[in-house]
Amino acid sequence: MTLRFWPRSLAARTAFVLLVGLILVQAAGLAIHAMDRIDVQRLAQARNLAVRVVGLYRTIVLTTPEQREEVLGELHRGPEMSAELSKDPPVTDLPPMPPPMQRLFRVSMSFVGVPGPQRWKEMQFLGGPDWRRVVIGMRLPDGEWLNISSDMEPVRPWHSPTFLAAFLLMTVVAAGLTLWAVRRLTAPVRTLAAAAEALGRDVNAPPLPEDGPLEVAVAAAAFNTMAARIRRFVQDRTDLLTAIGHDLRTPITRLKLRAEFIEDDEQRGKVLADLEELEAMVSATLAFGRDARTGEAVSALDISELLRTLLDEAGDAPAERLSYAGPPHWTVRARPLTLKRALTNLISNAVMYGGAARVRLIPPVSAGAAGAMLTIEVEDDGPGIPPGDLERVFEPFHRGEPSRNRETGGVGLGLPIARNIMLAHGGDVTLANRPSGGVKATVTLPI
């Protein structure tokens, strides 16, 4: 089961995991810092309050019982603290103070010196930080109780004005470094994917640079080795096919000469027709091998003008069935002769098998965008192609339905040659049946 918000790309997944981990670590750090600040502030509050309480007690205990009330009223205690003398310990609805907090108060009180005979005989602690109020009862040596009540301010772990700003700055910098590192580390993967795509379109694509980290260099070297083996395999296959086709020309010529001596006119015509067909197949095979090994340079050409010229040369269909729609001029960079051959094959097929060739040139929406593609559509009015054969017709020497048979002159290499040429240019050729009848060939070509 796939997660709904799980990123699809490797870079996004790596960045997501690292950022989530960073957030969790930062949250844990914040929690630890907050707890530490709470403990420090509570310790400071307890010590401050304990010192004030013991100072108040020492003043009262050193005063005669008759003057204690007067002295207690004159002492400055602050608005948050109140004190009273009573014969009984403090009575309040607060629960007893937790033992750890009591120990903290007792330790803090020990820092203030009180003579032994005047030390308190008993103490009670009520409330605490959780109730924001503390009540401390201290029994004097003569049995009277000094009951002190004080408010406790809540702890504020984020009170520092610069802490959160520094924390956010650190988080943003760490997240930025994480994203930068992820992009740098996953860049070789994108480069490898682009190289594999380029190799799939053109076996003569340039090799990958074998530099960078050790793992990247090893992967690039393995990819280059694989690409070299694929090129050698394709070249060997093409050379073998071309050599066979070339060697067949001599016996075909001899057979044509011998066929001339056949006295039966009907048999001689059949033999010569078969030899003509065989010679056409050999010529197409040689052209196929020639196109696979072409080293033609890339140059700028007007694709609109080329399409109009090819339509003018396709004179086997009525003029009203040959049309061009699109911009009057559009320049692309391509191999002129091989591109002309591919488009000629498509237009010739449309005219030969569909009786029409309506060509439409569709420029890309954003001409300057990366990966922008020019689209060329060639439509005919023929019977169409069975859906199962729409891809098979791109296989060498494959013929479609009976309307595309040998008698019409096809040998099954026109479409494979066209696709190979377009793939070598970085584009492609696809076929689809039109709802109203006929076939539409769609050519994509990078600009």
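1. A good place to start is the chemistry of the largest cavity: its lining is made up of eight nonpolar, one polar and three charged residues. Please keep in mind throughout that this is a predicted model. The volume of this cavity comes to about 120 Å³. The lining counts 12 residues, and those closest to the centre are Asn349, Asp380, Leu431, Val439 and Ala441. Two elements each give two or more residues to this lining, namely α8 (336-354) and β11 (439-446).

2. The search covered the whole structure and turned up two cavities of 30 Å³ or more. The second largest has a volume of about 40 Å³. Its lining consists of Leu199, Ala205, Pro206, Pro207, Phe223, Asn224, Ala227 and Arg231. By class these split into six nonpolar, one polar and one charged. Helix α5 (residues 214-259) supplies four residues, the largest share of this lining.

3. Now the wider frame, for orientation. The protein is built from nine helices and 11 strands. Of its 447 residues, 36% count as buried. Among contacts with a separation of 6 or more, 66% are between residues 24 or more positions apart.

4. Let us return to the surroundings of the largest cavity, since both α8 and β11 contribute to its lining. β11 belongs to an open sheet of five strands, ordered β6-β8-β9-β11-β10, with mixed pairing. At the edges stand β6 (322-325) and β10 (428-433); each has a single partner strand, so one side of each has no neighbour in the sheet. On average, neighbouring strands here are turned by 15 degrees against each other, direction ignored.

5. How does α8 sit relative to this sheet, and at what angle to β9? α8 lies across β6, β8, β9, β10 and β11, and runs at about 30 degrees to β9. Within the sheet, strand β8 (residues 357-362) pairs with strand β9 (residues 373-379) in the antiparallel sense, over five bridges. One cross-strand position to look at is Arg358, which stands opposite Glu379 in β9.

6. Another open sheet has four strands in the order β1-β4-β3-β2, with antiparallel pairing. Its edge strands are β1 (81-86) and β2 (122-128), each of which pairs on one side only. Neighbouring strands in this sheet are turned by 10 degrees against each other on average, direction ignored. As general background, the strands of a sheet pair through backbone hydrogen bonds, either parallel or antiparallel.

7. β3 deserves a paragraph of its own. Seven bridges connect β2 with strand β3 (residues 133-139), and the two run antiparallel. Along this pairing, Leu126 stands opposite Val135, and Gly128 has Arg133 as its bridge partner. β3 is also joined to β4 by seven bridges, again antiparallel. There, Arg133 has Asp151 in β4 as its bridge partner. As for covering, five of the seven residues of β3 are buried, and the strand is described as mostly covered.

8. The two turns are worth a look if you check backbone torsions. The hairpin of β2 and β3 has four residues between the strands. Arg132, in the loop between β2 and β3, has a positive phi of about 60 degrees although it is not a glycine. The hairpin of β3 and β4 has five residues between the strands, and Gly143 in that turn has a positive phi of about 95 degrees.

9. Two helices are packed against the four-stranded sheet. Helix α1 (residues 10-61) lies across β1, β3 and β4 (145-151), and runs at about 150 degrees to β4. Helix α3 (residues 99-109) touches β2 and β3, and its direction makes about 130 degrees with that of β2.

10. Finally, a single residue in this region: is Ser150 buried or exposed? Ser150 lies in strand β4. It counts as buried because its relative accessibility is 3%, with the cut-off for buried set at under 20%. Leaving aside residues up to four places away in sequence, Ser150 touches Leu49, Glu80, Met81, Arg133 and Val134. Arg133 in that list is also the bridge partner of Asp151.

Key
Residues numbered from 1 in each chain as written. Predicted model: local features only at pLDDT ≥ 70, side-chain atom pairs only at ≥ 80, totals over all residues. Heavy atoms only, no water. 1 Å grid on protein atoms, 1.4 Å probe; cavity = no way out; pocket = protein on both sides within 12 Å on 5 of 7 lines; lining within 4 Å. Points joined across faces, edges and corners; volume = space filled by probe spheres on them. Nonpolar A, V, L, I, M, F, W, Y, C, P; charged D, E, K, R; others polar. Pairing = 2+ DSSP bridges. Axes fitted to C-alpha atoms, helices over the stretch in contact; angles between N-to-C directions. Contact = heavy atoms within 4.5 Å. Buried < 20%, exposed > 50% of the residue type's maximum accessible area, 1.4 Å probe, protein only.
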